[in-house]
Amino acid sequence: SAEGPKILQALGPAFARTQAAWEAAAGLPLGEIQQLIVSFHDHGDPLPRPTLVVRPKTPVAKETLLQKWGNPVQSVKGSADTYTGGSGWSYLLPEDGQGSVFVVGKAEEIQEIRADNGASTVVTAAMEKLLKASDDRRHLTVVFAPNELISNFFRDCRPWSLCEPRQ
């Protein structure tokens, strides 16, 4: 809808750079993505690292994705092919996804997901209720686990923001 771009624009120029980086990593602009799930992983880096689960509006052929990702090197072959790109991103293409879903993240997270056979992370009962109350007509649904905010995102008083503060 026309409201989606307005929401993204309201997040400011710093978020526009983040959006551009995520689109480049996924190989698709947001307009071609049906669903984008962004999870953050704390491994002691200055900021938590994002992992993207991408569901395109229409399936994208594996060869097309590989070309858009700069022809990354296949690192693991099997029921879920794993690729490592020169851009610092790694990719997971489930065989049964047939171009309708793929995962983009740092190599460590991609290997963890592959080792867990794509099992999702634990979602608390309260978060599950919130997600069920959401629907596909929303532009954006954001769900945080409060303990993650305190113990990971804001630990050691580190600043964390997708946007630059107002002057």
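**Nonpolar core, helix packing and aromatic pairs**

In this predicted model, the largest nonpolar core comprises 18 residues, and those with the most contacts inside it are Val54, Trp69, Phe102 and Val104. Two or more residues are given to this core by each of the elements α2 (12-26), β2 (49-56), α3 (62-68), β5 (90-94) and β6 (102-105). Of these elements, α2 provides the largest share, with 4 residues.

The aromatic residues were examined next. The whole structure holds 3 aromatic pairs. In one of them, Phe15 and Trp22 meet edge-to-face, with 6.0 Å from centre to centre and 90° between the planes, and both Phe15 and Trp22 are buried. Trp69 and Phe102 also form an edge-to-face pair, for which the centre-to-centre distance is 5.2 Å and the angle between the planes is 65°. Because Trp69 lies in the loop between α3 and β3 (73-76) whereas Phe102 belongs to strand β6, this pair ties together parts that are 33 residues apart in sequence. Trp69 has a relative accessible area of 6% and is therefore buried, and Phe102, with a relative accessible area of 0%, is likewise buried. Ring pairs join Trp69 and Phe102 with Tyr91 into a cluster. When residues up to four places away in sequence are not counted, Trp69 touches Ala25, Ala26 and Gly27 as well as Tyr91, Leu93 and Phe102.

Helix α2 also takes part in a helix-helix contact, in which α1 (residues 3-10) packs against α2 at an angle of about 110°, the two axes being 7 Å apart. Since angles of 65 to 115 degrees count as roughly perpendicular, α1 is roughly perpendicular to α2. On the α1 side the contact is made by Leu8, Gln9 and Ala10, and on the α2 side by Gly12, Phe15 and Gln19. By character, the residues of this contact divide into 3 nonpolar and 3 polar, with no charged residue among them. Phe15, which belongs to the contact with α1, is also the partner of Trp22 in the edge-to-face pair described above.

A polar residue, Ser90, was considered separately. Ser90 is located in strand β5, and its relative accessibility of 2% means that Ser90 counts as buried, the cut-off being under 20%. With neighbours within four places in sequence left aside, Ser90 is in contact with Tyr83 and Thr84, with Val103, Val104, Gly105, Lys106 and Ala107, and with Ile110. Val104, one of these contacts of Ser90, is also among the residues with the most contacts inside the largest nonpolar core.

Conventions:
Residues are numbered from 1 along each chain as its sequence is written. This is a predicted model: local features need pLDDT of at least 70, side-chain atom pairs count only at pLDDT 80 or more; totals for chains, interfaces and linings use all residues. Side-chain values use heavy atoms; hydrogens and water are left out. A nonpolar core is a set of buried Ala, Val, Leu, Ile, Met, Phe, Trp, Tyr and Cys residues joined through side-chain atoms within 4.5 Å. Buried means under 20% relative accessible area, exposed over 50%, partly exposed in between (1.4 Å probe, protein chains only). Contact means heavy atoms within 4.5 Å. Axes are lines fitted to C-alpha atoms, for helices over the stretch in contact, and angles run from 0 to 180 degrees between N-to-C directions. Angles under 35 degrees count as roughly parallel, over 145 as roughly antiparallel, 65 to 115 as roughly perpendicular and the rest as oblique. Ala, Val, Leu, Ile, Met, Phe, Trp, Tyr, Cys and Pro count as nonpolar, Asp, Glu, Lys and Arg as charged, and the others, Gly among them, as polar. Rings of Phe, Tyr and Trp (its six-membered ring) pair if their centres lie within 6.5 Å; planes under 30 degrees apart count as stacked, over 60 as edge-to-face and the rest as tilted.
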